[in-house]
Amino acid sequence: MVEGKMMLDIVTPERKLVSAEVDEVTAPGFYGEFGVLPQHTPYLCQLGVGVLSYRTGSARYFVSVIEGYAEVGPEKITILAEHAERAEDIDAERAQEARQRAQERMTGQKSEEELDFDRAELALKRAITRISVANQSGLNN
Amino acid sequence: MKLVAASKVRRAQERIESARPYSEKIEELVNSLAAKVSADTHPLLRDDMKDDRVLLLVITSDKGLCGGYNTNLLRQAFQFLRKREEEGKETEIIVVGRKGRDFLARREFSFKEQFTDVYGKIDFALATQLAEIMTKAYLEESFDEVHIITTEFRTILSQSPRLSRLLPLAPPVPEAIDAQGDPVAAEYIYEPSMEGVLDSILPRHVRVQIYRSLLDAEASEFGARMTAMDNASRNAEEMIGALTLQMNRVRQASITTELLEVVAGADALA
């Protein structure tokens, strides 16, 4: 372990997505975004839906995260995400379509059940997250 | 067919391995959290000991030609169900795979749900769907016990049925936590709170366990098929050898008889 760095592991039920030595991580927490630097105090956080980013040197990477947990230790941070995708793996067009569908559903069926609305809202949130991750990586390259 | 199964078993094995870090970590967190709260704090941990309705998830394959894979599992499932029924309990079944459905339908068990044609596209979404049905059954429909029976994948050559209780979640064994030797875990800062994290992690734990069971079953099926097909090829080769030998003997015998007849005929003329 290089001094002043920490290990970041991002795992999903389907695979291990990222395993890297990083300088800094920001993640979407339950109450809002939080940042972690090496030597953080032990911290266990439920994650929401949003953009996780990490920095190694001057390179910054983006990952979309949908629900999960972050377990933070002084030298190691483990992200257990229900879904996670690296920016370069995201199909921006599909995400756009998903956003459109979700929006239509939300505006279309006002009289429908509450559950459907919540679902559409969640889908919209996911789509927006994925789009913003995909865009950020575009700026980076 | 053996080679097909061999390549599939390898892929399935990789999937199990890539799912492992997540499920192990979740399990670790659940154990360390559950150890700190009493079982009454969460309905998924609580065991009200009434035990009169039992739900069993049976995971079998869609296709046959895989040796004793389904037979072994179904025999155990059948014994389990019979035993519970003898004890006067009501049983219901969720079945995955055509083989299990056919077997249990013939024996007139009642199905709650059935899933067929899921193999080849097992993903976390399916596990989530199953978990929702089972958790709902446990929390709202007065099932007091939820079990899973699946085939555990140990190695390519060894698989065996495993019956485990899914709900209520088994209280963690204190030694197991000590053995992990993680004193840091006691001093976490929780967001939103310990109870909040526990609340959301328990349903997830259920999903992960179901997902693992499905992956195990899939890999086991291919493993069992590989062994079965290997045996079948070997038996066929043996049979071909024996039959070829027999064919040659018969042919030779008939040639010998013909020769004898020719010679005898020539002798008679001379």
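# A tour of chains A and B

Select B:Ile201 in helix α6 of chain B: a kink of about 25 degrees lies there, shortly before the proline B:Pro203. The model on screen is predicted.

Now select the whole of α6(B), residues 194–269. How far apart are its end C-alpha atoms? They are 110 Å apart, and the 76 residues should span 112 Å at 1.5 Å a residue, which agrees. A general point helps when you look along any such element. An α-helix has 3.6 residues a turn, so residues three or four places apart point the same way.

**The sheet of chain B**

Next, colour the strands of the open sheet in chain B. It has 5 strands in the order β3-β2-β1-β4-β5, with mixed pairing. Which strands lie at the edges? They are β3 (111–115) and β5 (159–167) of chain B, each of which pairs on one side only. Neighbouring strands of this sheet are turned against each other by 20 degrees on average, direction ignored.

Then add helix α3 of chain B, residues 98–106. This helix packs on the sheet and touches β1 (53–59), β2 (90–96) and β3 of chain B. The direction of α3(B) makes about 150 degrees with that of β2(B).

Move to β4(B), residues 145–153, which runs antiparallel to β5(B) and is joined to it by 8 bridges. To see one pair of partners, select B:Thr151 and B:Pro161; the latter is in β5(B). Strands of a sheet pair through backbone hydrogen bonds, either parallel or antiparallel.

**The two domains of chain A**

Turn to chain A and colour residues 6–88 as domain 1 and residues 91–140 as domain 2, following the domain assignment. The centres of the two domains, taken over C-alpha atoms, are separated by 22 Å. Where they meet, 11 residues of domain 1 are in contact with 10 residues of domain 2. On the domain 1 side, β5(A) and β6(A) (59–72) each supply at least two residues. β6(A) gives the most, with 5 residues. By class, this side of domain 1 has 6 nonpolar, 2 polar and 3 charged residues.

**Strand β5 of chain A**

Select β5(A), residues 43–56. How many bridges join β5(A) to β6(A)? There are 13, and the two strands run antiparallel. Among the partners are A:Tyr43 and, in β6(A), A:Val72. The hairpin of these strands has 2 residues between them, and A:Gly57 takes a positive phi near 60 degrees.

β5(A) is also joined to β3(A), residues 24–28, by 3 bridges, and this pair runs antiparallel. Here A:Glu24 stands opposite A:Arg55 of β5(A).

**Across to chain B**

Keep β5(A) selected and add β6(B), residues 189–191. Do these strands run parallel or antiparallel? They run parallel, joined by 3 bridges. A:Tyr43 has B:Ile189 as its bridge partner in β6(B), and A:Cys45 has B:Glu191.

Finally, show the whole contact between the chains, which takes 21 residues from chain B and 19 residues from chain A. On the chain B side, α1 (2–34), β6 and α6 each supply at least two residues. α1(B) gives the most, with 7 residues. The residues on this side of chain B divide into 15 nonpolar, 3 polar and 3 charged.

Terms used. Residues numbered from 1 in each chain as written. Chains lettered and ligands numbered in written order. Predicted model: local features only at pLDDT ≥ 70, side-chain atom pairs only at ≥ 80, totals over all residues. Contact = placed C-beta atoms within 7 Å. Helix = DSSP H or I, 4+ residues; strand = E, 2+ residues; numbered from the N terminus. Nonpolar A, V, L, I, M, F, W, Y, C, P; charged D, E, K, R; others polar. Pairing = 2+ DSSP bridges. Expected span 1.5 Å × (residues − 1). Bend = angle between axes of the 7 residues up to and from the residue. Axes fitted to C-alpha atoms, helices over the stretch in contact; angles between N-to-C directions. Domains from an automatic or database assignment.
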